Amino acid sequence: MKKTLVSTLALLASAGIAHADGVLNIYNWGNYTSPEMIEQFTADTGIEVTITDFDSNETALARVRQGGHGFDIVVPTHSYVPIWIEEGLLQPLDPEIVTDRGNIAPQWVDVDFDPGREYTVPWQWGTTGIAVNTSVYDGDINTADIIFNPPEALDGRINVIPEMSDVMAIAIYAAGGDDVCTDDMDVLRATRDMLMEAKPHWLSLDYGTIDNYVAGDILAGVYWNGATMRARLQNPDVAYGYPATGYPVWMDNAAVLADAENVENAMIFINYILQPEHAAMLSDFARYGNGIAGSEEFMDPEMAAAPEISIPEELVSAGRFNPTCPQEVQDIRTQIWTELLQ
Amino acid sequence: MATPPDSATGPEPDPQKESHGWKWLLSTPALLVLLVAASGPLMIVAVYSFLSPGNVGGVEWDFSGDGWFRVFFSRDIFDPENVSWNWANLNVFWRTISLSLQTTLICAVLGFPTAWFIATRPPERRALWLFLITIPFWTNLLIRTFAIQELLRGNGLINTILVATGIVDEPLQLLFSNFAILLGMAYVFLPLMVLPLYAAMDKLDFRLVEAGYDLYASRVRVLWHVILPLVKPGFVAGSILVFIPSIGAYVTPRVLGGGRTMMLGNLIALQFGQGRNWPLGAALAMVLLIIVMAALVFYLRAVNGEEGKRRG
C-alpha cells in the first residue's frame, strides 16, 4: 500500500519532466558533485542531469529500499556497497558502455567491497584524521593523542566530528584495538574510558567547522582530509595529521540502481567519470582524491601536491577500510557513544 | 464505526435520525485525514518499537521488547548478566525535561511584561505590536539559530562589545553550552508564550484591577491576587505551547550546544541514523510522545480546574 502510494506520487512528480532519452537522476551526498563537470557532461552528451542530495548512507539506503525513488545513480560509501549489492539494489555495469574501467588506479580495482569493480567505480576517496593549528602546537601531528590526551595548548579548543564510526575507529585503534568491529571487551572498555576522559577537553562535536578552524576558534580536531584542506587554503597554519595507530580510509563509489529508469544514460555517465580529466574536475570541487589513474595532471596544481591527499609513505599502512559492523556490535558502539554524549 | 441507516431493516426510518446519520458522514473526509495523516504514522512508530532491528536500518517483522527494554535499562556492556537502569538515556530525558522547563520559565518571565505592555497600549496600536512579535517567524528556524551562533561566538558581537568595554579581558565561551541552548530556545519560542498571554490579558476586566487598588491593595498584591489568577489560562496555554516544541528540539541543541550533549530529539535521530536501531529509536519517540501527553493532561486539568472553580 505504502509502496504503491509512494510510486504513484513519484509518477505524478515525474510526469512534469519530459520522459525523453536525455535525462539522468543522480542521488549523491550534498555539495559533492562538481557543477562544472555536470555542465560539461550535458554539453557533451545532451543528457540533462538532476541531482538530489542525501546526508547519510542510512538515509540513502532507507529511501532506495522503499522503491519509487526515480534515481538512476547512487554514490554509497565503500562500507555500505556490499549491502547495496547483496540486497539487489544495484545492477552490474554494462561492459558495452562502461569500457574504461582500466582507468581505475590499480590499488582501487580489486577492492573487498566490490571485487573486480563489477558494480561500482570510484567517485572520491579520503581519510579521517587530525586537523591541528600548528601556530599553537609544534609537536607530532600524526598522533591521536592530540584528541584523546590533548596538550595544554589545545585544551578546550577541540572539535570532533559527530561521525560515530569514524571517531570510534580512531579511538579503538588508539586504545590498542585492531578491528573496528571488535567485540573484545577489554579493548572496548579502554576505548570508552579514553573517550570519557577526553571529552571534557573538547569544545564541540560538530560538522561544519571549516570557518572555525580558519578563525582559530577551533585549534584541533577529528576531521576529514578534504575539509582540512579547504581550511588550510584559507589559513596556512592548519595542518593534517594521520594517526600512526590507525585511521579510517573511505571511498564513495558511483553505481547504477537496479530499478533505474535511464540505464543507458547512467552507464554513459559512469564511463564519463572514469575519464581522468572529468575525475579531476570532481576532485577540484570536492577536494578529495578520485582513484582514477592519470587524473593528477588535469587537477588544480595546488590539489595534486596537497599533503592532505598524498599520505606519507610510512603512514600508508596505518590507513584502513572499515566495514559496517554487525548489529550486536553496533549496539555496543552506540551505547558507548550515548554514554559519551549523555 | 457507525453505518448509514439501512431502510430495509427498519420498518419506518425516522427522517430526523436518517439525516443525522448522513450529516455525520460529511465529516468523513476530516476523519479520514486525521486517521491516515495523524494516527497512521504514529501507529507505524508504535508497531516498529516492538520489532527487531533490520540489517543496517529498517526492521525485521519479529516481535521483540528489546527496544523498550533498552530505553530504560542497559545490560552492562562488559558484564551482560548485570542489568541496571540506563543512566545515559535517563540523563538525556532529564536534561531534555529540565531544559524545556527552564525555557518555559524564561519565556513566562519575559513574556508577561511583553504581553502586558501590548495589552495596555491603545487598541488601535495593539495590532502593530502583535505584528512585530511575529516578525521572527518570517525567517527559517535554522537561519535564526545560526544568527544566534554568530552573536555568541568568540569573535561575535556580544564578546566584541564585552571586550571593547573592558567588562571582560578575553572572550567568554558562550557558545556550545547549556546557556546557549537555553538562550536559543527561549528566543525562538518566546512568541508562543506572548500570544496566549496577550489573549488572556486582552479579556482582562481592568475594573477588577481598579477595585483592588480601591480596596488599598498594594501593586504587588494586585499583581499576585488579581491579575495573575485572571491570566492563568494564558500562562498555562503558553507554557504548553513552549514546552512541547522545546522537548522535541533538535536543531537548537545541535547548533548552539555544539553537539556536546544530546537532547531527546538528537538521541532519537542517532538511533535511526548512525545507531541503525530503528525499534529503539521508535520506542524513544514514543517516550517523547508520552511526555507530551502528560503535559497535555496537566494542561487539561489546570484549565478544567479553573472553570470548575468559577462555576462553584
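The paragraphs below go through a predicted model, taking its confidence, the contact between chains, two bent helices, one strand and one arginine in turn.

The model as a whole scores ipTM 0.82 and pTM 0.84. For chain B the mean pLDDT is 87, with 90% of its residues at 70 or more. Confidence is not even along this chain. Of its elements, helix 4 of chain B has the highest mean pLDDT, 94, while helix 1 of chain B, residues 15-26, has the lowest, 66. Over residues 1-10 of chain B the pLDDT stays under 50. For that stretch the model has 11 contacts beyond four places in sequence.

The two chains meet through 27 residues of chain B and 29 residues of chain A. On the chain B side, at least two residues each come from helix 4 (87-119) and helix 12 (264-272). Helix 4 of chain B gives the largest share of that side, 4 residues. By type, the chain B residues that touch chain A are 10 nonpolar, 14 polar and 3 charged. Helix 4 of chain B is thus named twice here: it has the highest mean pLDDT among the elements of its chain, and it supplies the largest share of the side that touches chain A.

Two other helices of chain B are bent. Helix 8 of chain B runs over residues 178-202 and has 25 residues. From its first C-alpha to its last it reaches 35 Å, close to the 36 Å expected at 1.5 Å a residue. Even so, there is a kink of about 45° at F189(B), shortly before the proline P191(B). Helix 8 of chain B is largely enclosed by the rest of the structure, because 20 of its 25 residues are buried; a residue counts as buried if 20 or more other C-beta atoms lie within 10 Å of its own.

Helix 10 of chain B covers residues 219-247, 29 residues in all. Its end C-alpha atoms are only 35 Å apart, whereas a straight helix would reach 42 Å at 1.5 Å a residue. The bend in helix 10 of chain B is about 50° and lies at K232(B). Here too a proline follows within four residues, namely P233(B).

In chain A, strand 7 offers a view of how strands are joined. This strand takes in residues 120-133, and 14 of its 14 residues are buried. Strand 7 of chain A pairs with strand 12 of chain A (residues 247-257) in the antiparallel sense, over 7 bridges. In that pairing W125(A) has M251(A) as its bridge partner. A further antiparallel pairing, over 5 bridges, links strand 7 of chain A to strand 10 of chain A, residues 220-224. There V132(A) is matched with A220(A) as bridge partner. Strand 11 of chain A (residues 238-241) also runs antiparallel to strand 7 of chain A, and 4 bridges join them. In strand 11 of chain A, V238(A) stands opposite N133(A).

The last stop is R101(A), in the loop between strand 4 (90-91) and strand 5 (110-111) of chain A. Is this residue buried or partly exposed? R101(A) counts as partly exposed because it has 16 C-beta neighbours inside 10 Å. Apart from its neighbours within four places in sequence, R101(A) is in contact with R117(A), V121(A) and L274(A). Of these partners, L274(A) is 173 residues away along the chain, yet the C-alpha atoms of R101(A) and L274(A) are separated by 6.8 Å. Another partner, V121(A), falls within residues 120-133, the span of strand 7 of chain A.

Conventions:
Residues are numbered from 1 along each chain as its sequence is written. Chains are lettered from A and ligands numbered from 1 in the order in which they are written. This is a predicted model: local features need pLDDT of at least 70, side-chain atom pairs count only at pLDDT 80 or more; totals for chains, interfaces and linings use all residues. Two residues are in contact if their C-beta atoms, placed from the backbone, lie within 7 Å. Ala, Val, Leu, Ile, Met, Phe, Trp, Tyr, Cys and Pro count as nonpolar, Asp, Glu, Lys and Arg as charged, and the others, Gly among them, as polar. A residue is buried if 20 or more other C-beta atoms lie within 10 Å of its own, exposed if 12 or fewer, and partly exposed in between; C-beta atoms are placed from the backbone. The expected span of a helix is 1.5 Å times one less than its number of residues. The bend at a residue is the angle between axes fitted to the seven residues ending there and the seven starting there. pLDDT is the predictor's confidence in each residue, from 0 to 100. Two strands pair if DSSP finds at least two bridges between them.
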